[in-house]
Amino acid sequence: MAGFRSLARQVRDPRGDLALRRYSLRKCLERFAPYGHRATWDHLCARHGIGPEDRAPDPERLIGALEELEEARAVWLAYEAGFAERRRREKHGGLRRPGSFDDWHRRTWGGRDIAPCDDPAVHPDAPLAEVLGRLISALGGEPGPACPVCAATEIVWRRDLDREPWYGPVCTGCGILVPRPVLTSEAVERAGRSRGERLASAA
């Protein structure tokens, strides 16, 4: 199975068939797709003027989409390296049991569904690297009352999501499933009230 870098080379290959180069870009999303496969593809197509069903898109547009994806992947790989180093230090110090933050990170390992968007057509407008930078910054800080990506405070609790986790706080501004560790308990409770639910364990 080809890895991300091998697939990226195929996207860049000027001698390659355009349909194959597009296919290789789609395959890259099986290795790294921050919003989930379909939503990340929709995001890249919208930002780079690629028709979602266009089998022979402009090569420069394909390269532009790939470069945005690569830049975001570099941001995420640097974060994962720092996370792994922190966990090594914690284990060396005797802290073996991961917390709720680590539970969130376990689901995102490898770069898929970092900020999943349940509706593939609703996702942040900013470049992927910028969105991940905001999210990583929030994960390293104190919990807040708003979405770390778009700063919206209209967050609703959903119990009908299409992937694990099957429920959680969803930003109505940019569409991401907001990681619970970045929200205050009050923000999570407010999201639950928006659906008429009582979240006793939201702290």
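This passage describes the salt bridges of a predicted model.

Nine salt bridges were counted in the structure. Side chains of opposite charge can pair when their charged atoms come close.

One of these contacts joins Arg-12 and Glu-70, whose side chains meet with an N to O distance of 2.6 Å. The two residues lie 58 positions apart and belong to distant parts of the chain. Arg-12 is in helix H1, which spans residues 4-12, while Glu-70 is in helix H4, spanning residues 59-92. Both partners fall between the buried and exposed classes, which are set at under 20% and over 50% relative accessible area. Arg-12 is partly exposed at 35%, and Glu-70 is likewise partly exposed at 24%.

A further salt bridge connects the side chains of Lys-27 and Glu-30, with 3.1 Å from N to O. Lys-27 has a relative accessible area of 21% and is therefore partly exposed, since the buried class ends at 20%. For Glu-30 the corresponding value is 35%, again in the partly exposed class. This pair does not stand alone: Lys-27 and Glu-30 are linked with Arg-31 in a network of salt bridges.

Glu-53 and Arg-55 also form a salt bridge, in which the closest N and O atoms are 3.5 Å apart. The relative accessibility of Glu-53 is 59%, so this residue counts as exposed under the cut-off of over 50%.

How values were computed
Residues are numbered from 1 along each chain as its sequence is written. This is a predicted model: local features need pLDDT of at least 70, side-chain atom pairs count only at pLDDT 80 or more; totals for chains, interfaces and linings use all residues. Side-chain values use heavy atoms; hydrogens and water are left out. A salt bridge is a side-chain nitrogen of Lys or Arg within 4 Å of a carboxyl oxygen of Asp or Glu. Helices (H or I, at least four residues) and strands (E, at least two) are DSSP runs, numbered from the N terminus. Buried means under 20% relative accessible area, exposed over 50%, partly exposed in between (1.4 Å probe, protein chains only).
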